Amino acid sequence: MLKPGDTVGILGGGQLARMMALAAAPLGLKCHIFAPEGDNPAFDVSAAHTIAGYEDKAALTAFAASVAVVTYEFENVPASTADVLSALVPVLPAPRALAITQDRLTEKSFIRDLGLAVPDFIAVSSLDELEAALQRIGRPSVLKTRRLGYDGKGQAMIRQDMSAQSAWEAIGQAPAILEAFVPFEREVSVVAARSSSGEVTAYDICENRHAHHILAQTTLPAAVTSTTEAAAKDAARQIAEALGYIGVFAVEFFVASSGANEVLLVNEIAPRVHNSGHWTLGGAETSQFEQHIRAVAGWPLGRPKRLGRIEMENLIGDEVNRWPDLLAEPGVLLELYGKREARPGRKMGHFTRVYR
Ligand code: AMP
């Protein structure tokens, strides 16, 4: 268990690490950020930082010696990095969560083995296998690389008029899964946390709207039945318990309809704080960032109680130029990430409206 004054090490220096470091400060904890060269907005708000590659053993060893626990802001932490660190210091959430969620095939298999519903999927590692999988799953379907896909990257939607070959080339002929297209009504997520004593708390289910595969807006309450809400929270609890997970995570779902009923399908797990939980900063009694810090510190979790109806919007690229108007609007909670350059598609900030 950490004590106030201890240091939390964070792999990655982006906005998620920045908001974790900002949440650690009022709890009396310091943060040390480890990230490669680049625009690292978390450095601005942290006690210490190391600029080095994730394969740099000497730098990782020195980093481990300076912190009481290591956590991370992204799921693609190389396995070798997690191995080097976890021999020296606790790494939380435990690296097994990384190994499972870094690969869509192991992730989907893990979720299905828990008895939770996922879209139908088949592993494919060649054009022949893709042709065969298309026979079984049909069109439209979605071809996704097993590794390193996010925000729609490494994905091809195979409609009636697309050949297997062009889809296979579009994803770079990498090992993949072919997944049935889900004609969903909405996309929702549950952000939850599990503590070192095994306590699990979940925030209310949120409804997410994407634009160009990037999260644009999160609203609560989600327009789903209380049965769906309870099922989503229960799925999150099952996943956390099966992983022996410690920290905050998100589970993304598709909600489809089947007659009068809602059907909940798990899309993916993010083993970290998540964009669809940004509303908790000001919109819940405990933010997801504080919750994550509490969990990895070995401390009790805070209450996830939602404080009102919520609208959270991301500021992507040039949208960040709205900041003067947003600042002038009473009650808007604006969070800017301090990134140097507003490139298209880049998450520059977000804002939340809480209607109490
Ligand atoms: P992912 O990277 O798997 O989260 O996919 C990014 C987005 O693509 C999702 O948020 C959906 O909007 C869409 N998508 C992914 N998989 C499917 C699917 N099987 N059926 C329909 N839409 C999908």
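# A tour from the ligand shell to helix α10

Start with the strands β6 (141–145), β8 (176–180) and β14 (261–270): each of them supplies at least two residues of the shell around the ligand. Keep in mind that this is a predicted model.

**Stop 1: the ligand.** Select the ligand and expand to its surroundings. You should pick up 15 residues, and the closest are K144, E179, A180, V182 and E187. What is the make-up of the shell by class? Six of its residues are nonpolar, four are polar and five are charged.

**Stop 2: polar contacts of the ligand.** Show side chains and switch on distances. Begin with K144: an N or O atom of its side chain is 2.8 Å from an oxygen atom of the ligand. Go on to E187, where the distance from a side-chain N or O atom to a ligand oxygen is 2.5 Å. Then pick E268, with a side-chain N or O atom 3.0 Å from an oxygen of the ligand. How much of the ligand does the protein bury? Taken alone, the ligand exposes 470 Å², and the protein buries 92% of that.

**Stop 3: the loop before β6.** Step back along the chain to P140. This proline sits in the loop between α6 (127–137) and β6. Look at the peptide bond from R139 to P140: it is cis, with omega near -5 degrees.

**Stop 4: a second cis bond.** Now select L220 and P221. The peptide bond from L220 to P221 is cis as well, with omega near 0 degrees. P221 belongs to the loop between β12 (214–220) and α8 (226–243).

**Stop 5: the loop before β8.** Select Q173, in the loop between α7 (164–170) and β8. Check its backbone: Q173 is not a glycine, yet its phi is positive, about 55 degrees. For context on these last three stops, most residues other than glycine have a negative phi, and most peptide bonds are trans.

**Stop 6: α1 against α10.** Hide the ligand and select helix α1 (residues 15–24) with helix α10 (residues 288–296). Their axes are 8 Å apart, and the helices pack at an angle of about 70 degrees. α1 is therefore roughly perpendicular to α10. Which residues meet here? From α1 come L16, M19, M20, A23 and A24; from α10 come F289, E290, H292 and I293. By class, this contact has seven nonpolar residues, one polar and one charged.

**Stop 7: R294.** Stay in helix α10 and select R294. Leaving out residues up to four places away in sequence, R294 touches L27, T286, W299, P300, L301 and G302. Where does the side chain of R294 reach? It reaches the backbone oxygen of P300, at 2.9 Å.

**Last stop: a long span.** Keep R294 selected and add D120. These two residues are 174 residues apart along the chain, and their C-alpha atoms are separated by 37 Å. Zoom out to see both ends of that line.

Methods:
Residues numbered from 1 in each chain as written. Predicted model: local features only at pLDDT ≥ 70, side-chain atom pairs only at ≥ 80, totals over all residues. Heavy atoms only, no water. Axes fitted to C-alpha atoms, helices over the stretch in contact; angles between N-to-C directions. Helix = DSSP H or I, 4+ residues; strand = E, 2+ residues; numbered from the N terminus. Parallel < 35°, antiparallel > 145°, perpendicular 65-115°, else oblique. Contact = heavy atoms within 4.5 Å. Nonpolar A, V, L, I, M, F, W, Y, C, P; charged D, E, K, R; others polar. Near = heavy atom within 4 Å. Polar contact = N/O pair within 3.5 Å; in protein donor to acceptor, adjacent residues only side chain to side chain. Areas by Shrake-Rupley, 256 points an atom, 1.4 Å probe, with all protein chains shown as cover.
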